Amino acid sequence: MKKILSLAAALLLASAAISPAGAVDALSLITGADAGTAADAATSADRGAGKDETPQPYTPSAADPEACSKRLAEIERTLAEWESLKADEAAARFGVTAEDVTRRVENLTLLKNAYPRIINAISRKKQDDADLARQKGDASSPELTLNDKPPYKLGYYDAYIGSLDDIRKQIDDAKEGLARFDSYAAASQKLVEDREAAWRLARDNYQKEQNQKTSWQLQGAAYLLEIARAQLILDGFEKERAATALAKYELQYQRHGYLQKYIRENLDLSAEGFAAQIAALNAEIKKLEDSRPALNRQIKQAEAAAETAEMKYAAVKDDKDKDSAQLEMSYRTAERDRYRLQLEQLQETLVLYAERKRLWTLRYDLARGAVDETTIPAAVKNMNAEIKTLENNLLDVQKDLLSLQSRQSAISKMLDSGTTEPRYLPGLKKYSSAVQASIDSCLSYTAAVISLSAQERAFVGELQETYKTVSTFDKIHAFWKTHAATLLNTELWQSGGYAVRLREFLIALAIIVFGTWGARKLVHMFSWAVGKYFKFDETSRRTFDRFVFYLAGIAIFLTALHIVGIPLTAFAFLGGAVAIAIGFGAQNMFKNLMGGILLTLNRPFRLGDVIEVAGIAGTVTDLGVRSTLIRTFDEKEVVVPNSQLLDNQLINWSLSDALLRVGVDFGVEYGTPAKNVRDTVLRIADANPKILKNPAPWLYFADFGDSELDFTLYFWVNQKIASGMKVSSEIREAIQEAFAQEGLVMAYPHMDVSISSANAKNGAPQAAESEK
């Protein structure tokens, strides 16, 4: 790259004349053109690129620290020359504003600061790559780095898990950094593309019109582009550094993970060793519990002292004494809060120790095969919930810690300021000691929480590895067993202090369903056996069956509740619901139920009876609790609510016997002998086997109609044998056929009209009408 022309020569050129050659010389300050004078710069530019071409902006090197150092020296010389000038004078000479000159100096300053960072990044990258290569090439056995020899105690294993958890956090931080710098690099790349477009626009304007203004704009665009390219290189280095750090931490984690597995496989889980470790942990727990009474006494003393200090502060009138009293009150309050915090964290630490003891016991039971491995998912779920709780506790402690540290920082400033009166210093120091004790307590508890959280996460991993060895069949069986138990224990409702769960409900339902089915069969068999000794009609038998079945149903229901242990009080709310339903929406249903009971007791009809009610006539085929089924003569089944059978007039055509009288109406025309009609019709009735001979059928001469002689044939049928409607239809067909053979004519409505001329008046005839 060519050297930058000195700024002095450029200024001399600008003061002499504004010319294209002067513009090219000004451009050389940014492009690096080698020129001693303006004329040489113009000649060099013309030789190297041609009059219509412009040298490209400088591109920083990401792999050559010498080139970066050389460019840095050029930038520093140019910046020194610019800074030696007054902004107003430089602005007047270049035809720009003082603000433009200031921006130019700021851009040069940015470049001056960027290149040392690039040089350092290149050197640091080499060192990081060497460290990563050395770490990858380390073939030594990891277990040789351990100071202790196997078998290892559980406490030693927990401590190693803590160090491994630290590396895991570093991996998480490195991943976050890699993602962050990746987004930075993408933004820098976009900035480079935008500034390349801006530089191309400035270049085209400069090539169209080479003057001092376009030259200044082209220089500015080139500087901005170089700054963006330098930032892109720095972001790339940071991204590579984060990736290298991530790779190093992952190698460390892999190596430490191997050691973790090695230590876990060589733990002292013998019965004697485990008992000794549990005893040591119990000793620590007892030590903490023994310190609680003394801490409670300290809290009481601190509370009394704080209350006294508050009373003194309230009683002080003098301002000078008030400051001392306020300081004493703050110290006593901090001391009280310190002991309270220590007691609270002592109790929580005991919980942490108990959890650690549970982990040790579970690990010991798992090692000796005393744990059902199919229950591991549930244990992992519970442990993940505990880890989440620990993380929430840690956040709460960190908030307290930040508050205490902020207070301690304020006290330290007062102690170090040198302006605090000497009489306040002892009180401030005691105040600082109380706050620092609270900070130490928070830090100690934080370390315990972090340690237990790391242990639980590690043990979750161990459990998951163990669960991989469980067969698929056992996993499916355990999954179904667990979820089925959860589903069956679902609480449906509770009343009177007793909860009804799905399991008990299903068992009771099964007993009721199968018991009802069995009861129906048994009741039918019982009814058949009783019917052999006692003559029941069909209605009585069905009534008896229903009565016995309902009693059996109630007994089955109560038995089901007793077997599953559901008291009747669990259905207490259902009684109220039933009462409300009857009162508001079930009156008709209840009325029909009562109607069914009354019809069963009074028995106004029986099964097979022909009845007529509310315009519905037919045979009773079923008598239910809520309704009665009637089959009409046209083979339609009508469901009639029992309440209608009680409220409306009911005609039972077969109450005393099964005989039904049927009438068939017909008419013949005038002039037909009635005796012939009677003989023919009665002969037809006698020939039909469905018509009873006793009572005998008979023909009724009903009336002299307007157009016919009206007759009605009456006959009786046995409803158990024949249908009255069908027999009447057969009789009508037979009458039509017999009348045709005998020459008897069926009548139909007609009218005769006659006109008499004898009654004409004034030449107009008078009509006389007669109907036959």
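Two strands count as paired if DSSP finds at least two bridges between them, where strands (E, at least two residues) and helices (H or I, at least four) are DSSP runs numbered from the N terminus. Keep in mind that this is a predicted model: local features need pLDDT of at least 70, side-chain atom pairs count only at pLDDT 80 or more, and totals for chains, interfaces and linings use all residues. Residues are numbered from 1 along each chain as its sequence is written, and side-chain values use heavy atoms, with hydrogens and water left out.

Let's start with the strands. Strand 3 (residues 610-613) and strand 4 (residues 616-623) run antiparallel and are joined by four bridges. One residue to look up here is E612, whose bridge partner in strand 4 is A617. Both strands belong to an open, antiparallel sheet of five strands, ordered 6-5-4-3-7. Strand 6 (637-641) and strand 7 (650-652) sit at the edges with a single partner strand each, so one side of each has no neighbour in the sheet.

Now for the helices. The largest nonpolar core (buried Ala, Val, Leu, Ile, Met, Phe, Trp, Tyr and Cys residues joined through side-chain atoms within 4.5 Å; buried is under 20% relative accessible area with a 1.4 Å probe, protein chains only) has 33 residues, and M383, Y431, V435 and L463 touch the most other members. Helix 10 (319-367), helix 11 (376-416) and helix 12 (425-467) each supply at least two of its residues, with the largest share, 13 residues, coming from helix 12. Setting aside neighbours within four places in sequence, L463 contacts (heavy atoms within 4.5 Å) L366, I376, A379, V380 and M383. A second, separate core of 26 residues includes Y58, C68, I75 and L234.

Terms used: Buried < 20%, exposed > 50% of the residue type's maximum accessible area, 1.4 Å probe, protein only.
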